[in-house]
Structure formats: C-alpha cells, structure tokens
Amino acid sequence: MTHEAGSLPELVQNLVKNWEVEASFKPNIDDWRTIDRENYSFAINGGKAEGAEAMLKVGTYNAIIAPNEYYSPDYSDFASSHKTFKRMMPTFAWEVLEVYSGPPTVSFRWRHWGQMKNDYVGFNNKGEKVTAKAHGGSIDIQGVTVATVNDKVQLQSVRTWFDPMDMFRQIAPDGVVKKEEKPKNMSPADALDEAQAGIKAPEEQELPDEFIQSKEEVKETIERLDKMTVEEKMSTTQGLPADHPAVSSSSNTDAEGGRCPFMPGGFN
Amino acid sequence: MASADVQQPPAQEAAPALPDYLTNPDAVLGDNDAKWRYGRAPDYSKTRKVFAESKLPDVAMSLHVRHNAVY
C-alpha cells in the first residue's frame, strides 16, 4: 500500500520496520529505541508473553513459529533458523495494510511476503529433516497485531495473530516434502549446511551474516557496506537496484553524471 | 486509509517533531553507537527494494475493503 507521508499507517509501518531491525540485529536490548523496555512483551496467537531477551536468545523466527510438521524451534537454534528461512527466501518484505486504531492501542493488519528462491530445508517437530523444492513463486502471508505504545510511541505489549501454517502451505503447495531422519552426531546447523551445500545466496543477503555466508562473503559484504555512508544506504533503499555499486557522494556532485545510466531520474 | 476515526495522531501533542523511527523506516540503521550483531548495521536495501516494487497496489486494497464491506 502507498500510505500518505505522515499518515498513521505509514508511521506504524515505519515503527515496526525499525523494531524488526532492532530485534534482529541489535543484541543489546539497551540499544533498542522502538520499545518501552520496562513494559515490553511479545506474544503470538495468544501464547505465553515473552520479553525481548527471549527473542534475542532464539531469534525472531523461532520466537514466532510454533512447532509443526515442517519446522520446530526445538530443533533449530538461532543460526539454523536463519539458514532455513533466509536461504530459502532471501528477502521478506513487510507492509501495513490497514490500521484500525491509533495510540495508545494500535491495531493493524499486515502483509509479509517474499519469493521462494532456494529449497526449503528445516527440522520439524519430530526432529526430521524436511525439504521442499524451490518453486520460485511467492510466499505471502497476513496477520493482525494489537500493540500498546507509550507517549513516545514505543512498543509495550505486542500481540500478534496469524496462521503460522499459511507460510508452510505456500512453501509446499502440493504437500510434497521429503522427510528424513536427522543425521546422527550432527547439530541442526551442520546438517543444514550439508543439505544446502552449493546454495549461494550472498547477493540477496541484506547483512554480513556469518550464519549464512562464508567467511569470504562476509568480508566482501562488510567491505561493500563500509564504502557506503548511512545516507547512501538510506538513499539506496529508496531505489537503486539491488546490485548497483555504491555511489559515493564525492562522485555524485554532478547530478547527471553520478547516477545510474539506466535510470537517470532515479527510482521511486 | 482507515485512520479517519483515530482519536489523535501519535505523539503530536507531546512534541512537535515525531521520533525518527516513526518517520523513517531505516532510522535505526543510522545508530552508529549501538552494538550490532555483525559489527555493523545491516543493509536492508534489497528488502526495501522488494517492498517498493511489490507492495500491494492501492486499487487492490480498496477493492478488498469494498468486498469485505458487502458481507
């Protein structure tokens, strides 16, 4: 949806996007700016409410997905959850569709979508290794969140409802999956590595991620990010193509010359 | 959007300027003093690009809302 700048749906969308960045990549809760630390809790589908520490420990995927026949947090630690989902679906975009109420109780419906680019490999509630062939199509789920916020619009009680099986039904639309016993004497992360050998997805990664990328790829990603200033990162998010080389501010003094030759007017 | 019946816009009464995490989806990526999981802020450009290119068209949403209103 295109939300008017400054509209409630756009503000909520920005808040949640920033929260997701913090929950995924800021290991020190004191650094999170989007939550009311003292009053923050998070629950899925009416389940037990947890604080930020719990999510940090297991990762956002494991905090959100209940054990099922395709996947179980019991057999996937932080590292293997990233391997399972980020390799299969390198980007997972998120948008607010509708906002039903504003502060102090913000309620809204959202959409979370991506493309199944690589095979799904995960461990299910029985500890079996489950694989599903990549179909290249979209994975597109929706849910509803009700969150209370303080006077700084920081998140307090965050309660989300969604159908967790919806994603897995779309991963294996015909129900065709391969189930194998987990290799013995192997951690889930190592077993995933073995099953996903040959999958190379660094071009799609949004981070230097040692869980997913090789040491060399992490180094390359860090070097690329180091060349970008924060402003460039943000302007890139407005629109340069994903693999567009970083545009340094010094070479961009000529508005015409420094821009992408294919899209001289920039992107929206 | 469906925000017409909202009592008041967030934070406006508390401060004239909204916090940056409400106005910019990438605000916290600029937190250079924060500790980052991989030593630095992640690059969200691909995800944001996919977002910009494939968010639900407004027309689809308005049709959807109308459809729901019938029932």
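This report walks through the salt bridges, aromatic pairs and a small sheet of a predicted model.

Local features need pLDDT of at least 70 and side-chain atom pairs count only at pLDDT 80 or more, while totals for chains, interfaces and linings use all residues. Residues are numbered from 1 along each chain as its sequence is written, chains are lettered from A and ligands numbered from 1 in the order in which they are written, and side-chain values use heavy atoms, with hydrogens and water left out.

## Salt bridges

Let us start with the charges. Over all chains, the structure holds 17 salt bridges, a salt bridge being a side-chain nitrogen of Lys or Arg within 4 Å of a carboxyl oxygen of Asp or Glu. Here are three of them.

| Salt bridge | Closest N to O |
|---|---|
| A:E69 with A:K179 | 3.8 Å |
| A:R111 with A:D140 | 3.0 Å |
| B:K49 with B:E53 | 3.1 Å |

Where do A:E69 and A:K179 lie? A:E69 is in the loop between α3 (60-64) and α4 (78-88) of chain A and A:K179 is in strand β8 (residues 178-180) of chain A, so this pair ties together parts that are 110 residues apart in sequence. Helices (H or I, at least four residues) and strands (E, at least two) are DSSP runs, numbered from the N terminus. A:E69 is partly exposed at 42% relative accessibility, and A:K179 is partly exposed at 40%. For these labels, buried means under 20% relative accessible area, exposed over 50%, and partly exposed in between (1.4 Å probe, protein chains only).

The salt bridge of A:R111 with A:D140 also links distant parts of the chain, with A:R111 in strand β3 (residues 105-115) of chain A and A:D140 in strand β6 (residues 138-149) of chain A, 29 residues apart. A:R111 counts as buried, at 6% relative accessibility, whereas A:D140 is partly exposed, at 27%. A:R111 has another partner too: its charged end sits over the ring of A:W113, 4.0 Å from the centre. A charge sits over a ring if NZ of Lys or CZ of Arg is within 6 Å of the ring centre and within 35 degrees of the ring normal. Between the chains, the charged end of A:K17 sits over the ring of B:F51, 3.5 Å from its centre.

## Chain B

Chain B has 3 helices and 0 strands, and its pattern along the sequence reads α-α-α. Of its 71 residues, 35% are buried. The chain exposes about 4100 Å², with carbon and sulfur atoms supplying 54% of that area; accessible areas come from the Shrake-Rupley method with a 1.4 Å probe, and for residues only the protein chains shown count as cover.

Within this chain, B:K49 and B:E53 both belong to helix α2 (residues 45-54), 4 residues apart, about one turn of the helix. B:E53 is exposed at 57% relative accessibility. Elsewhere, salt bridges that share partners join A:E22, A:K26, A:R33, B:D20 and B:D31 into one network.

## Aromatic pairs

Now for the rings. The whole structure contains 13 aromatic pairs over all chains. Rings of Phe, Tyr and Trp (its six-membered ring) pair if their centres lie within 6.5 Å; planes under 30 degrees apart count as stacked, over 60 as edge-to-face and the rest as tilted.

A:Y70 and A:F168 are stacked, at 5.5 Å centre to centre and 5° between the planes. A:Y70 lies in the loop between α3 and α4 of chain A and A:F168 in helix α5 (residues 164-171) of chain A, so the pair ties together parts that are 98 residues apart in sequence. Both A:Y70 and A:F168 are buried.

How do the rings of A:F85 and A:F168 meet, stacked or edge-to-face? Their centres are 6.3 Å apart and their planes stand at 65°, so the pair is edge-to-face. This contact joins helix α4 of chain A, home of A:F85, to helix α5 of chain A, home of A:F168, across 83 residues. A:F85 is buried at 1% relative accessible area, and A:F168 is buried at 0%. A:Y70, A:F85 and A:F168 are among the members of one aromatic cluster, which also includes A:Y61, A:Y71 and A:Y120.

## The sheet around β8

Finally, back to the strand of A:K179. In chain A, 3 strands form an open antiparallel sheet in the order β4-β5-β8, where two strands pair if DSSP finds at least two bridges between them. The edge strands are β4 (120-123) and β8, each pairing on one side only. Strand β5 (residues 129-132) pairs with β8 in the antiparallel sense over 3 bridges, and A:V130 has A:K179 as its bridge partner in β8.
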